[in-house]
Amino acid sequence: MKQAYEDMSGKIIGGLEAGGTKMVCGISDTAGVMQSRILIPTTTPEETIPHMIDYFKKWKIEALGIGCFGPIDLNKKSPTYGTIMRSPKKEWSGFNIVRAFEDALHVPIGLDTDVNGAALGEVTMGAAKGCDTALYITIGTGVGVGVYCNGALVHGLVHPEGGHILIQKRTDDTFEGCCSRHPNCVEGLASGVAIAKRWGKKADQLADQPLVWEMEADYVAQAIANYILMYSPQKIVLWGGVMHRKELFPMIRERVQKLLNGYVCHSQIETDIDHYIVTPGLGENAGLTGAVLLGVLALKGDGYVI
Ligand code: ZN
């Protein structure tokens, strides 16, 4: 991707990591270094979008990449391409975020999910650099999984929804889950919202309660073991608000090894898992960097490969 930036000397690319609570907007120079980064609270499209348009106009961007919360229509042949679908954020359901920026900025727009964007950032210049197949998992307010497989971000019928895979509930867990659709998906049982609802306190007030974190590690490890079996990733980047509690990492790694039980024969899992399930190399900028890269790809045109 470095090469792609070098090809584009003088270009100013905007990135937007569109989240349910905040919009992270940034400008990258041709070396991939963030020149500017601002946060705008996510309220309604009518209120939030004009602030972002003003910001990107001020910088005279030549392309914009958007990593957006979902579900979102990513099929370029679809008449509703760029539209946020049945979102829990009701004001945004049915809103076409691509069209809103195209109409105002008249520049190429790249789009993917927020987690696919972060995965792109990490494989291009972060902890998964050089991998053909890698995952970016966020455990925060919700749970999301970006999937980069055989050199491309995965789309399909819609896009992967790894936060909603079904996992086995512990017998001592009486919490009914917080997902409105599934009683035992990973987001419903292991997201930050699930922790707060199950225990009646926010995660940062539960530091001294081992059961909270043992349960959390059990659930996240189940999900990761399944992702490993399905995608065979060469690296798993794990982050999000809940994972700021770094003690979770060794607990999760140990449980992943136990769950796989020697079935996946590779040293990265059997003896070097500390370098396999890792924090993002780009830190909090993984999503925004990925969004900028989506903008670069939009400017390059379809068919360009990183
Ligand atoms: Zn669910």
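In the predicted model, strand β4 (residues 63-68) pairs with strand β5 in the parallel sense, the two being connected over five bridges. Within this pairing, Leu64 stands opposite Ile109 of β5. The two strands are also part of a β-α-β unit, in which helix α3 (residues 97-105) joins β4 and β5 with right-handed sense. Strand β5 itself (residues 109-113) is largely enclosed by the rest of the structure, because five of its five residues are buried.

The loop between β4 and α3 contains Pro71, and the peptide bond that joins Gly70 to Pro71 is cis, with omega at about 0 degrees. This geometry may be set against the general expectation that most peptide bonds are trans. Pro71 is also one of the residues touched by His159, whose contacts, apart from residues up to four places away in sequence, are Pro71, Ile72, Leu74 and Thr113. His159 lies in the loop between β8 (152-153) and α5 (186-190), and with a relative accessible area of 9% it falls under the 20% limit and therefore counts as buried. A polar atom of the His159 side chain is found 3.2 Å from the backbone nitrogen of Ile72.

A zinc ion is coordinated by four residues, namely His164 and His182 through their ND1 atoms and Cys179 and Cys185 through their SG atoms, at 2.1 to 2.4 Å. The angles among the four donor atoms span 103 to 117 degrees, and the site is tetrahedral. For four tetrahedral donors the ideal angle is 109.5 degrees. Along the chain the donor residues follow the spacing H-x14-C-x2-H-x2-C. As for accessibility, Cys179 is buried at a relative accessible area of 14%, whereas His182, with a relative accessible area of 25%, is partly exposed.

An open sheet is formed by five strands in the order β8-β7-β6-β9-β10, with mixed pairing. Its edge strands are β8 and β10 (277-278), each of which pairs on one side only. At the β8 edge, strand β7 (residues 143-149) and β8 run antiparallel and are joined by two bridges, and Cys149 has Ala152 in β8 as its bridge partner.

A further group of contacts centres on Arg37, which is placed in strand β3 (residues 34-41) and is partly exposed, with a relative accessible area of 38%. When residues up to four places away in sequence are left aside, Arg37 touches Val24, Cys25, Gly26, Tyr55, Glu284, Asn285 and Leu288. Arg37 and Asn285 are 248 residues apart in sequence, yet their C-alpha atoms are 9.6 Å apart in space, and their side chains are joined by a polar contact of 2.7 Å. With Glu284 the arrangement involves the backbone, since the backbone oxygen of that residue lies 3.5 Å from a polar atom of the Arg37 side chain, a distance that is still within the 3.5 Å limit for a polar contact.

Glu284 is located in the loop between β10 and α10 (286-300) and, at 46% relative accessibility, is classed as partly exposed. Its contacts, again without residues up to four places away in sequence, are Arg37, Trp239 and His244. The side chain of Glu284 makes a polar contact of 3.0 Å with the side chain of His244, while the backbone oxygen of Glu284 is the atom that lies 3.5 Å from a polar side-chain atom of Arg37. The C-alpha atoms of Glu284 and Ala118 are separated by 9.7 Å, although these residues are 166 residues apart along the chain.

Positive phi values were also found in two residues other than glycine. In Ser232, phi is near 50 degrees, and this residue lies in the loop between α7 (210-231) and β9 (235-239). In Asn261, phi is positive at about 55 degrees, and the residue lies in the loop between α8 (248-260) and α9 (267-270). Ser232 counts as exposed at 53% relative accessibility, and Asn261 is likewise exposed, with a relative accessible area of 65%. As a general rule, most residues other than glycine have a negative phi.

Methods. Residues are numbered from 1 along each chain as its sequence is written. This is a predicted model: local features need pLDDT of at least 70, side-chain atom pairs count only at pLDDT 80 or more; totals for chains, interfaces and linings use all residues. Side-chain values use heavy atoms; hydrogens and water are left out. Donors are N, O and S atoms within 2.8 Å of the metal (3.2 Å for Na, K and Ca); water is not among the atoms, so sites may look incomplete. Four donors count as tetrahedral if all angles lie between 85 and 135 degrees; four count as square planar and six as octahedral if opposite donors are over 155 degrees apart and all others between 65 and 115; anything else is irregular. Buried means under 20% relative accessible area, exposed over 50%, partly exposed in between (1.4 Å probe, protein chains only). Helices (H or I, at least four residues) and strands (E, at least two) are DSSP runs, numbered from the N terminus. A polar contact is a pair of N or O atoms within 3.5 Å; within protein, one must be able to donate a hydrogen and the other to accept it, and residues adjacent in sequence count only if both atoms are side-chain atoms. Contact means heavy atoms within 4.5 Å. Two strands pair if DSSP finds at least two bridges between them. A crossover is right-handed if, with the strands pointing away from the viewer, the path from the first strand over the helix to the second runs clockwise.
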